[in-house]
Amino acid sequence: MKPTNILLSTAIAVTTLFTSCSKNSNGSSSAIKFQLQTTNRSSVIARTEAGNIQWTSGYGSATEVKFEAKLNGQETERKSQTAQKIDLFSAINTLGDITLTPGTYSEVEFKVELNPAGTDAALELNGQYTSGGVTTPVVFRVTGPLELKNEKNNVVVTDNSTYKAITTIDLSLITTGVTQTMLNSAVRTNGAILITSAINSNIYNMIANNLHDSDEVEFEHD
């Protein structure tokens with residue numbers, strides 16, 4: 001199942017919580033680093049039209065990462081609560097670490113929670129929309145909670161190992177279904193196309209829905 005101005009990632013606080021229905025009898029454990037990045041930062045509008053959005057900067061306000069699965073038939077949950085603003089256009093960002101009992105996990109869900117923090121949005125993307133030789137600034141802003149969730153059927157964790165769970169948002173896919181006509185007729189705010197749940201909401205709803213189909217997670221050894 002599927003899916004952002006450049007600032008350095010700043011960790012404000014990290015508090016790790018561990019809860020699980022399964023127990024580790026031999027005391028061994030392994031760690032998973034949750035990471036987030038963007039890729040393919042140019043979107044051809046409606047995939048076939050001449051209009052184009054070039055995404056140039058963005059950030060996310062991460063608050064929590066979570067691992068949910070079954071181990072030996074028992075429900076298992078691990079989470080790391082965080083509060084940090086991350087630059088989605090810099091190198092890959094680490095959001096938090098969790099520890100796991102070695103074993104084969106099934107029905108696995110990797111979750112990244114983004115939430116507004118002060119004046120910062122949960123997620124913001126900034127770019128340039130070009131159509132007919134005219135370039136217009138564009139801002140996509142999520143001001144409510146946003147969860148990025150991905151699933152895997154099985155994950156194998158071995159003793160005393162370190163892994164990465166890398167969530168990648170493919171920005172070339174988030175405007176799927178958005179047309180030049182929609183963008184050309186969009187309301188301008190101080191000369192920019194601001195896309196929020198309250199402004200140009202038709203475009204916002206399409207991009208927000210696409211976010212959940214344009215992200216994926218890779219689970220690998222660190």
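## The overall picture

The protein exposes about 10,000 Å², and carbon and sulfur atoms supply 48% of that area (Shrake-Rupley method, 1.4 Å probe; for residues, only the protein chains shown count as cover). Keep in mind that this is a predicted model: local features need pLDDT of at least 70, side-chain atom pairs count only at pLDDT 80 or more, and totals for chains, interfaces and linings use all residues. Residues are numbered from 1 along each chain as its sequence is written, and side-chain values use heavy atoms, with hydrogens and water left out.

You'll find 2 helices and 14 strands here (DSSP runs numbered from the N terminus: H or I of at least four residues for helices, E of at least two for strands). Of the 222 residues, 48% are buried (under 20% relative accessible area, with over 50% called exposed and partly exposed in between; 1.4 Å probe, protein chains only).

## Helix 2 and its buried face

Helix 2 covers residues 201-211, and its buried residues are Ile203, Tyr204, Ile207, Ala208, Asn210 and Leu211. Looking down the helix axis, these buried residues fall within an arc of 160 degrees, so they line one face of helix 2 (the arc is that of the directions from the axis to the C-beta atoms). As a rule, an α-helix has 3.6 residues a turn, so residues three or four places apart point the same way.

What do the buried residues of helix 2 pack against? Their partners are strand 9 (134-142), strand 10 (146-157), strand 11 (162-170), helix 1 (180-184), strand 13 (192-195) and strand 14 (215-221) (contact means heavy atoms within 4.5 Å).

## Aromatic rings

A search of the whole structure turns up 6 aromatic pairs (ring centres of Phe, Tyr or Trp, using its six-membered ring, within 6.5 Å; planes under 30 degrees apart are stacked, over 60 edge-to-face, the rest tilted). Phe67 and Tyr105 make an edge-to-face pair, 5.4 Å centre to centre with 85 degrees between the planes. Phe67 belongs to strand 4 (residues 52-71) and Tyr105 to strand 7 (residues 103-114), so the pair ties together parts that are 38 residues apart in sequence.

Both rings belong to buried residues: Phe67 has a relative accessible area of 0%, and Tyr105 comes in at 1%. They also join Phe34, Phe110, Tyr163 and Phe219 in one aromatic cluster.

## A buried glutamate

Glu124 sits in strand 8 (residues 123-131). Why does Glu124 count as buried? Because its relative accessibility is 8%. The Glu124 side chain makes polar contacts with the side chains of Asn126, at 3.4 Å, and Arg141, at 2.8 Å (N or O atoms within 3.5 Å; within protein, one must be able to donate a hydrogen and the other to accept it, and residues adjacent in sequence count only if both atoms are side-chain atoms).
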